[in-house]
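Reader: Please select one part of this model for a close look and describe it in detail. I would also like to understand how that part is connected with its surroundings.

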Amino acid sequence: MNKTNLEKRIYEAQCYGNVEPIEYMTPYPNLHALVEGQNVKYKDHLLYHDLNMTNEDFFKLVQKSAHWLKASGVEPQDRVFMTDLAFPWAECIAFAVWTVGGTLVISNQEDIQTAISHCKPKYTVQPDTNVEKEIDAFNEQFDPDFKPNLQDEALIYWTKGKGIRLSHYNLLVNANGVQKKLDLFEQDTYLIQLKSDSTAWVVLQAILPLYTGAGIASKKSKITIGLPNQFNSADYIIDFDWTKLKNTTPPRLFITPENTAVVSVGSSPVHMTKFELKNQDLWLSGHSVMMGYLDKKESENIFTDGSLILQK
């Protein structure tokens with residue numbers, strides 16, 4: 001298939017120097033394979049320590065939820081909107097959507113109806129849904145009809161009147177970059193408590209514990225990742241509203257959704273990401289760069305010279 005001029009420019013921005021996205025391998029072919037793989041390798045490993053929930057427990061809930069979504073009419077490549085579900089059901093629904101082969105749509109609560117009208121989800125999981133009750137009767141085994149490729153759409157994040165499209169690869173490679181910065185592994189635990197309304201939640205809370213094997217725990221955790229003033233002594237601060245990428249104490253995880261989630265830890269970019277601040281513009285390139293905005297016209301002017309250019 002011949003790429004359009006815009007698609008070529010987006011792909012050029014997604015390259016890290018001469019390294020194309022297809023040349024840097026993630027250990028999983030899609031996000032369903034991540035939760036499935038952890039269940040195969042470490043099914044008895046605690047994922048959510050406070051709930052005494054293992055990888056196997058979580059995987060079963062994801063499978064049952066995938067059945068529920070399918071019974072609700074969700075098919076591969078459909079979009080499913082979710083907002084304000086509580087932990088761990090938001091995480092469970094996210095992986096259920098990816099298991100079915102669909103796209104998760106989330107919003108930062110600014111204008112949910114506008115998000116729905118533009119993203120056109122096939123199904124909406126209401127915030128008051130009792131997921132545990134809804135999925136109770138369904139089977140714990142689910143055989144996907146469709147398995148997405150890494151470059152397929154996995155997430156749309158609606159914010160500031162725009163839909164940011166992210167692929168399975170975007171989300172996996174950004175989690176990979178965060179792991180390298182934070183040194184989280186199977187024997188570790190960490191504390192994080194985010195609402196399900198940002199790409200930071202998707203990468204740092206939904207994907208990262210499975211990707212690293214490090215469980216989420218409120219006590220005796222190796223590190224604490226928090227919002228400003230959320231915890232008394234966080235080891236890392238999540239910063240959504242920034243103008244400079246600088247070193248601080250404690251270090252900040254600077255969030256740019258157009259770069260999936262984390263663009264840098266302090267002044268140091270995450271793996272396979274390159275940035276440069278020029279006056280009021282952030283020039284980004286690398287494997288976490290988004291697939292583009294939902295409205296292609298909004299992407300036309302920001303992809304140029306092998307970079308994604310954002311005003312800061």
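**The second largest pocket and its surroundings**

Author: The lining of the second largest pocket divides into 12 nonpolar, 5 polar and 8 charged residues. The model is a predicted one. In this model the pocket holds about 680 Å³ of space. Its lining comprises 25 residues, and those nearest the centre are Thr-159, Lys-160, Phe-240, Pro-257 and Glu-258. Strand 6, strand 7 and strand 19 (307–311) are the elements that contribute two or more residues to this lining. Of these, strand 19 provides the largest share, with 3 residues.

Strand 19 leads to one of the sheets. It belongs to an open sheet of 4 strands, arranged in the order 15-16-19-18 with antiparallel pairing. Strand 15 (273–278) and strand 18 (303–304) form the edges of that sheet, each pairing on one side only. Between strand 16 (residues 281–286) and strand 19 there are 4 bridges, and the two strands run antiparallel. Within this pairing, Asp-281 stands opposite Gln-311 of strand 19.

Strand 6 and strand 7, the other two contributors to the lining, lead to another sheet. They are members of an open sheet of 6 strands in the order 5-3-4-6-7-17, in which the pairing is mixed. Its edge strands, strand 5 (123–125) and strand 17 (292–293), each pair on one side only. As a general principle, strands of a sheet pair through backbone hydrogen bonds, in either a parallel or an antiparallel sense. Here, strand 3 (residues 79–82) and strand 4 (residues 103–107) pair in the parallel sense over 3 bridges. Among the bridge partners, Arg-79 is matched with Thr-103 of strand 4, and Val-80 with Leu-104.

Strand 4 merits further attention. Of its 5 residues, 5 are buried. In a regular strand, side chains alternate between the two faces of the sheet. On one side of strand 4 lie Thr-103, Val-105 and Ser-107, on the other Leu-104 and Ile-106, and all are buried, which leaves both faces covered. Helix 8 (residues 199–212) lies across strand 4, as well as across strand 3, strand 6 and strand 7, and runs at about 120° to strand 4. Helix 7 (residues 168–182) lies across strand 6 (153–159) and strand 7 (162–167), at about 75° to strand 7.

The mixed sheet also leads on to the largest pocket, whose volume is about 850 Å³. Two or more lining residues of this pocket come from each of helix 1 (5–14), strand 7, helix 7, strand 17 and helix 9 (296–300). Strand 7 is thus named for the largest pocket and also for the second largest pocket. Helix 1 supplies the largest share of the largest pocket's lining, 5 residues. There are 27 lining residues here, and Ile-10, Tyr-11, Gln-14, Gln-151 and Met-291 lie nearest the centre. By class, this lining has 13 nonpolar, 9 polar and 5 charged residues.

In summary, the second largest pocket draws lining residues from strand 6, strand 7 and strand 19. Strand 19 belongs to the antiparallel sheet, whereas strand 6 and strand 7 belong to the mixed sheet.

Technical notes: Residues are numbered from 1 along each chain as its sequence is written. This is a predicted model: local features need pLDDT of at least 70, side-chain atom pairs count only at pLDDT 80 or more; totals for chains, interfaces and linings use all residues. Side-chain values use heavy atoms; hydrogens and water are left out. Two strands pair if DSSP finds at least two bridges between them. Contact means heavy atoms within 4.5 Å. Axes are lines fitted to C-alpha atoms, for helices over the stretch in contact, and angles run from 0 to 180 degrees between N-to-C directions. On a 1 Å grid over the protein atoms alone, a cavity is a set of points where a 1.4 Å probe fits but cannot get out, and a pocket is an open set with protein on both sides within 12 Å along at least five of seven lines; lining residues have an atom within 4 Å of a point. Grid points are joined across faces, edges and corners, and a volume is the space filled by probe spheres set on the points. Ala, Val, Leu, Ile, Met, Phe, Trp, Tyr, Cys and Pro count as nonpolar, Asp, Glu, Lys and Arg as charged, and the others, Gly among them, as polar. Buried means under 20% relative accessible area, exposed over 50%, partly exposed in between (1.4 Å probe, protein chains only).
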